[in-house]
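Biologist: I am new to this structure and would like to go through it slowly. Could you show it to me before I ask my questions?

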Amino acid sequence: MRELEYPFDSSYILTNKKKLRRRLLEEGGGRIRKRIAILGMSTTHDIMEILGLFLLNYGIEPVFYESEYAQGWNDAMFDNPELLSFKPDIIFIHTSSRNITDWPAVTDSREDVDAKLEACFARYRQLWQKLEESYSCPVIQNNFELPAWRLMGNRDAWDWRGRVRFTARLNEKISAWADSHENFYIHDINYLSASYGLEQWSNPFYYHMYKYILAVPAIPLFSFNLANLIKSLYGKNKKALALDLDNTLWGGIVGDDGADNIEIGQETPVAQLYSEFQSYIKAQKDMGVLLTVNSKNDEENALAGLARPDSILRKEDFTDIKANWESKDRNLLAIADDLNIGADAMVFVDDNPAEREIVRQGVPQAAVPELSEPEHYIGILDKAGYFETTTFSADDLRRSEMYKANAERKKSEASFADYGEYLDSLEMKGEIAPFAPAYMSRIAQLTNKSNQFNLTTRRCSQAEIEAVASDSAYITLYGRLADKFGDNGVVSVVFGHRGSKEEPRSDGEEFHIDLWLMSCRVLRRGMEDAMLDALADKCIKQGITKVFGYYYPTAKNKMVRDFYTTMGFSRLSEDAEGNSVNVLDLGGGYSKRNKHIEVN
């Protein structure tokens, strides 16, 4: 919905929130449903309502638990029965500097201030530990914005009694906790309030009148920023940038001006603007974002612009380059097809409003940010939260290289008449093993990103993955795949439980697959055969005779509708919506299926 895309009109959202919610619900669209508990230390109701709008727009239908005014700490620490029965998928702790009740006094010694800092932090640490014990779910907490006033002026930033320094030290302790606890995340209102303007953000009128710790006009920005964090946890991030060239990555038109005369480098202020933007885009690529070109240009001219010695971005930084005279909506779809990702994973960046509108109309599922002047390009992309990072793995660092290797595999495939010979030529090596700590983050990431080869589309947080891995009723397997072109990393995940479908038990002859997914990067390479072989072997060793597999259809996973029957399962039932139950009988033994992957 355009009204909820950054940059948005906050006053419009606040005034029309009910109308926007009604429109979002009417659109429908297969959203995932998540239970979100908001534990407030101040008023939260409008925050909850606006957060709900942004989450609906991201494809997440929230069900909220909201603590009574300022009762969030008590609800968690004293086991509020309503919160326990709610069984949240995410807990958000809404705090602010107004919740710091014992600030340093100018008469305090260093030891006094250290003791106050430790007492303040210990209170929150106690809360986090209690939530960790009671709920296996991610916890998000605001850090602390700077105080609204400085008693000592500039000295407040370095004096041990200064509130500014006290806030910085407290935030650093919270950051250290987040760094060492995988399922704890910080909602950075310290940055957000500074970006918004601390004086406006902390307007005391809204606290004393309504007990909001931030100005009401800032609530949409606050809620949007929090929604970006939540959607990232559930795999709703974008994956690729499709970038125009002329007046987007450089100033001028390379076809008219020539590569020597476009604005890039350090010679002029305009050139420096574009170089800074290219540096930002290059950093996104280093974070795992796929870079592509979508430009109306002769390819020779496009490559000449990228070949300039002062260009930050080079041809090799791009996974796909479409420089031609096709319409940009068609090019965008072609790029998504080349990368084997959905068009909804694309962000189209173009300075030309006419081209942006063509893509909005032709590819409505893609994100199309509304750019203004080049000096604002970075700010618009950065604050839009397309690539919000909650997990960061070694595979993310190598993603661009992985997709380029896939392109090499496609070229190699074209030279073989026999597909089996092609698979053998890849010299594939697989690693299949139970979930391991080193891969928990990547496994959780896969469960939230994989859509096409995902039989039940179950979404899991890292806390849920860790809980499954430690439960003796479950069998878990991850699969890595490498070949002569490179390492694909962890590409497949299977887990399920013994017992009945409804009740996991550590005994019993039935096994029920809760989740089976595979990255689209390795489709049709035989990894599914290797994973089933490993799963069957585990089941037989544990005395399991029947393996049940479930398929729940979505708009994106139709390709695996008949997966189980092609893998030797018998279909037991299928309803009118296409939900099916399938079974593999291991009582008479099992014949290995994998023929092309050397499995460790």
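Modeller: This is a predicted model, in which local features need pLDDT of at least 70 and side-chain atom pairs count only at pLDDT 80 or more, while totals for chains, interfaces and linings use all residues. Residues are numbered from 1 along each chain as its sequence is written, and side-chain values use heavy atoms, with hydrogens and water left out.

Biologist: Is Cys539 buried or exposed?

Modeller: Buried means under 20% relative accessible area and exposed over 50%, with partly exposed in between, for a 1.4 Å probe and protein chains only. Cys539 has a relative accessible area of 0%, and therefore Cys539 counts as buried.

Biologist: How many disulfides does the structure hold?

Modeller: A disulfide is a pair of cysteine sulfur atoms within 2.5 Å. The sulfur of Cys539 has its closest cysteine sulfur in Cys460, 18 Å away, which is too far for a bond. For Cys460 the closest cysteine sulfur is in Cys137, at 13 Å, again too far for a bond. The number of disulfides in the structure is zero.

Biologist: Which helix gives the largest share of the largest nonpolar core?

Modeller: A nonpolar core is a set of buried Ala, Val, Leu, Ile, Met, Phe, Trp, Tyr and Cys residues joined through side-chain atoms within 4.5 Å. The largest one has 76 residues, and Phe222 and Ile230 are among those with the most contacts inside it. Helices here are DSSP runs (H or I, at least four residues), numbered from the N terminus. The largest share of this core, nine residues, comes from helix H11.

Key: Helices (H or I, at least four residues) and strands (E, at least two) are DSSP runs, numbered from the N terminus.
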